[in-house]
Amino acid sequence: MTPELERLFEHLRFPSISTDSRHASDVRANADWLVAQFAKMGLNAELHETAQHPIVVARNKHQNDRKTVLIYGHYDVQPVDPVELWHSPPFEPEIRDGKIWGRGGADNKGQHFVHMLGAEKILQEEGDLPLNVIFLIEGEEEIGSPNLVPFLEKHKAELACDIIAVSDTGMVAPGTPTLGYGLRGITCVEVKVHGPSGDLHSGVYGGAVANPASAAARLIASLHQDDGRVAVEGFYDNVIPLEDWEREMWAQVPGANDADFLKVTGSSEVFGEPGYSAAELIWARPTVEVNGMGGGYQGEGSKTVLPAEAMFKLSCRLVPGQNPDQVQEAVIAHLEKHTPPGVRIEIERGHSGKAYHNDPHSVFGKAAQTALEKSFGKAPVLIREGGSIPIIQDMKEILGADSLMLGLALPDCQIHAPNENFAVENFEAGIEMSRALLTELSNL
Ligand code: BES
Ligand code: MN
């Protein structure tokens, strides 16, 4: 194993699960480790406290006559459950079949560590980086970056930059360099459905009392039309339609056709708003998804109970033009309007983030394309992404800089799921990509 991989493994061994307060000290230890890595590289590194998890910022000595690039990443990870489905323990990384297996390999430790290693190589060879660089690695991305927006506002001047580079997205197929120029936004809602004052015998009372689980099912069903379109009034208002050049371009993207999509997801057919390919639906159309539902008896065998309550969790993915707060209110209004008689709903508003998109043909976009071509030996494909990194649009609004998304996670990387993995070849090419990117940006 190379020394670079050994160091990535150290990074991956921290169980930095940001959502789980039992892991708060692991998150912090991971941040301390990052600060030490940056310091060893010769950068000026700082750990910034927040109300929750620390933010790590590192920079070289800045010079006024050079451009500044901010490299964003996150060192927090998603929970590992169901842990029994992992083939090797999530925080004991190992290499099998050309892949690094472990939580955070692709999302996002492996992907930001290549930028650290790329910069380190240049520093070792040249003694300095060819432009001003700021690394900003946060510990709360997976919980919606609650403390990063106030941090950006407070440190706006020190974080001023011309362009942002992020590797926290996907690569459409092995060997196909991918530049992302869009992300979907998000807004989440949790619903509790309350019925009788306590669980009831389903024979003694059933038939005369509204059942919260049935009501939850009706509410969930009301969110979509039979054809897959979202039925919430006003949901599609202001959606910016995808453009013909994008549809034509995406039709040529390897790994992005419906057949590949069915293979990687294991689903039997594309299902969603009629008239779009799977890639178009994911990259450029909004959706409402049920993330979880529950209520009543979940154990073995039968239990004749009429549950007192039921619940479900929703997330909407949004596209440019949609306002997350407005969509959240529209969904809530829809749920209130469709609540069946005999139950009461209680709504909890979850986190939100705006969609993002930029022009992949800008001078910065072209520099990123050149860097990808030089490091992977092939011109990149240009895509938008179905996932969300809300802070990217916040950085656009607060720092005024666009983000180049140089994705390195393959379709089968299983982020957020058991057996997350990161291809060793992308780790290695990623280091070269990062060096090439810094060089290209310094030439602008
Ligand atoms: N890296 C992902 C987002 C992503 C993955 C974008 C693949 C494009 C392709 C990020 O860490 C993530 O999971 N984001 C969350 C955001 C949420 C918690 C606010 C998401 O998309 O669910
Ligand atoms: Mn993630």
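This passage walks through a metal site, a pocket and some unusual backbone spots in a predicted model.

A good place to start is the manganese ion (ligand 2). Its coordination comes from Asp-107 (OD), from Glu-142 (OE, listed twice) and from His-416 (NE2), at 2.0 to 2.6 Å. Along the chain, these donors are spaced as D-x34-E-x273-H. Glu-142 sits in the loop between strand S6 (132-138) and helix H4 (148-154), while His-416 belongs to the loop between strand S18 (403-407) and strand S19 (421-423), so this pair ties together parts that lie 274 residues apart in sequence. As for the geometry, six donor atoms surround the manganese ion (ligand 2), and the angles they subtend run from 54 to 154 degrees, which makes the arrangement irregular. To count as octahedral, six donors would need opposite ones over 155 degrees apart and all others between 65 and 115.

Glu-142 and His-416 can also be described by their accessibility. Glu-142 has a relative accessibility of 15%, so it counts as buried, the cut-off being under 20%. His-416, at a relative accessible area of 38%, is partly exposed.

Next comes the second largest pocket, with a volume of about 150 Å³. Its lining is made up of Gly-144, Ser-145, Val-149, Asn-323, Pro-324, Asp-325, Ser-352, Gly-353, Lys-354, Pro-390 and Asp-394. Helix H9 (324-338) and strand S15 (344-353) are the elements that give two or more residues to this lining. Sorted by class, the lining has three nonpolar, five polar and three charged residues. Where does the second largest pocket lie with respect to domain 1 and domain 2? Domain 1 (3-183 + 356-442) and domain 2 (185-239 + 286-353) both contribute lining residues, so the pocket lies between them.

Some backbone details are worth a look too. Most residues other than glycine have a negative phi, and most peptide bonds are trans. Ser-145, one of the residues lining the second largest pocket, goes against the phi habit: its phi is positive, about 50 degrees, although it is not a glycine. Ser-145 is placed in the loop between S6 and H4, and with 6% relative accessibility it counts as buried. His-416, one of the residues coordinating the manganese ion (ligand 2), likewise has a positive phi, near 70 degrees, without being a glycine. The loop holding His-416 is the one between S18 and S19.

Then there are the cis peptide bonds. One of them runs from Asp-81 to Pro-82, with omega near -5 degrees. Pro-82 has its place in the loop between strand S3 (68-74) and strand S4 (94-96). Another cis peptide bond joins Asp-107 and Asn-108, where omega is about 5 degrees. Asn-108 lies in helix H3 (residues 105-126), and Asp-107 is one of the residues that coordinate the manganese ion (ligand 2).

Finally, a word on Ile-240, which is found in the loop between helix H5 (212-222) and helix H6 (244-251). Ile-240 has a relative accessible area of 40% and is partly exposed. Between the C-alpha atoms of Ile-240 and Pro-380 the separation is 25 Å, with the two positions 140 residues apart along the chain.

Terms used: Residues are numbered from 1 along each chain as its sequence is written. Chains are lettered from A and ligands numbered from 1 in the order in which they are written. This is a predicted model: local features need pLDDT of at least 70, side-chain atom pairs count only at pLDDT 80 or more; totals for chains, interfaces and linings use all residues. Side-chain values use heavy atoms; hydrogens and water are left out. Donors are N, O and S atoms within 2.8 Å of the metal (3.2 Å for Na, K and Ca); water is not among the atoms, so sites may look incomplete. Four donors count as tetrahedral if all angles lie between 85 and 135 degrees; four count as square planar and six as octahedral if opposite donors are over 155 degrees apart and all others between 65 and 115; anything else is irregular. Helices (H or I, at least four residues) and strands (E, at least two) are DSSP runs, numbered from the N terminus. Buried means under 20% relative accessible area, exposed over 50%, partly exposed in between (1.4 Å probe, protein chains only). On a 1 Å grid over the protein atoms alone, a cavity is a set of points where a 1.4 Å probe fits but cannot get out, and a pocket is an open set with protein on both sides within 12 Å along at least five of seven lines; lining residues have an atom within 4 Å of a point. Grid points are joined across faces, edges and corners, and a volume is the space filled by probe spheres set on the points. Ala, Val, Leu, Ile, Met, Phe, Trp, Tyr, Cys and Pro count as nonpolar, Asp, Glu, Lys and Arg as charged, and the others, Gly among them, as polar. Domain bounds come from an automatic or database domain assignment.
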